[in-house]
Structure formats: structure tokens, C-alpha cells
Amino acid sequence: MKKLFNDILNMADVNGIMLFSFKGELIYKLFLSPLPEEPENKDWWGLFISSLNGVREADLIFEKSKFYIRKTEMGYLIILMGIFVPTAMVRLNCDMLLPALNQIKMPRKGKRLFKKK
């Protein structure tokens, strides 16, 4: 799975990727550097994902970081990055990534989608 995200992860100042189902369940995560907190363990992700309610893409800008959010067939892809990462390049990489990501089938309950390290 990491191969799919290599182009995005190799961009300067991209900190990580999280992929959530439409129900707010974490499907995949990869952080390039340790973060002060573990954002994937927050209880409010389910509420946040449901509040997106079909949004195709969003760019959230904070004081020291940005989130780029993109809808996929599996759920929402969230890219955590620094403030100076060009969103147009991230969007282009997502456009190229989505066809490959959309071909991955979600497993039935009890089966793992991605291997553990």
C-alpha cells in the first residue's frame, strides 16, 4: 500500500496519510515522523468524516499545518502536511493515485486490508 502513496509521501513537508472509511473507521495510516499527539486515536474522527457528507475534496489550513482531504471509493484520504506544501501538486498526485486506490476492494469483516509491519 505504501507504494501507492510514495509520490505524495516523497514531497517535502508531507507528514503523513490517513485513510478513513465513510463510517469514520481508520483503514490505513502512515506518518513519516513522530507527531506530538496520535491524531488517528481521536474519538471525533467519525463525526468529522460524517460531517464531510459527500464533499469531493477540501483543503483545511491551520496556523502551522494543512490537511488535504479527498473522497475515494473507500472513504476519505487525509494528507497531513506543512503550510508551504503546494496543494496543486498534492491534488495532481491524488488524481493519479485514485484510479489505483479505487481498484482495491474492501475486505469482508475479519479480514485485513493491509499487512501489519
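This dialogue explains how to read several features of the structure shown above.

User: What kind of model is this, and how are its residues numbered?

Analyst: This is a predicted model, in which local features need pLDDT of at least 70 and side-chain atom pairs count only at pLDDT 80 or more, while totals for chains, interfaces and linings use all residues. Residues are numbered from 1 along each chain as its sequence is written, and side-chain values use heavy atoms, with hydrogens and water left out.

User: How many helices and strands does the protein have, and in what pattern do they follow along the sequence?

Analyst: Helices (H or I, at least four residues) and strands (E, at least two) are DSSP runs, numbered from the N terminus. The protein has three helices and five strands. Along the sequence, the pattern reads α-β-β-α-β-β-β-α.

User: Which residues of H1 are buried?

Analyst: Buried means under 20% relative accessible area, exposed over 50%, and partly exposed in between (1.4 Å probe, protein chains only). In H1, the buried residues are Phe5, Ile8 and Leu9. Seen down the helix axis, they fall within an arc of 85 degrees, so they line one face of H1; the arc is that of the directions from the helix axis to the C-beta atoms. On the other side of H1, Lys3 and Asp7 are exposed.

User: Why do residues three or four places apart in an α-helix point the same way?

Analyst: An α-helix has 3.6 residues a turn, so residues at that spacing point the same way. Helix H2, residues 45-52, offers a further case, with Trp45, Ile49 and Leu52 buried. These residues cover an arc of only 50 degrees around the axis, which puts them on the same side of H2. The face turned away from that buried side carries the exposed residues Leu47 and Ser51. After H2 comes asparagine 53, whose phi is positive, near 45 degrees.

User: Against which elements do the buried residues of H1 and H2 pack?

Analyst: Packing is read from contacts, that is, heavy atoms within 4.5 Å. The buried residues of H1 pack against S1, S2, S5 and H3, and those of H2 against S1, strand S4 (65-71) and S5.

User: Which residues have the most contacts inside the largest nonpolar core?

Analyst: A nonpolar core is a set of buried Ala, Val, Leu, Ile, Met, Phe, Trp, Tyr and Cys residues joined through side-chain atoms within 4.5 Å. The largest has 21 residues, and Phe5, Val14, Leu77, Ile79 and Val90 have the most contacts inside it. Two or more residues each come from helix H1 (2-9), strand S1 (14-21), strand S2 (26-31), strand S5 (75-82) and helix H3 (87-102). H3 gives the most, with five residues. A second, separate core of eleven residues includes Phe20, Trp45, Leu52 and Tyr76.

User: How many bridges join S1 to S2?

Analyst: Two strands pair if DSSP finds at least two bridges between them. S1 and S2 run antiparallel and are joined by five bridges. Methionine 18 stands opposite lysine 29 in S2. The hairpin of S1 and S2 has four residues between the strands, and its glycine 24 takes a positive phi near 90 degrees.

User: Where is proline 86 placed?

Analyst: Proline 86 lies in the loop between S5 and H3. This proline is partly exposed, with a relative accessible area of 42%. The C-alpha atoms of proline 86 and alanine 12 are separated by 9.7 Å, although the two residues are 74 residues apart along the chain.
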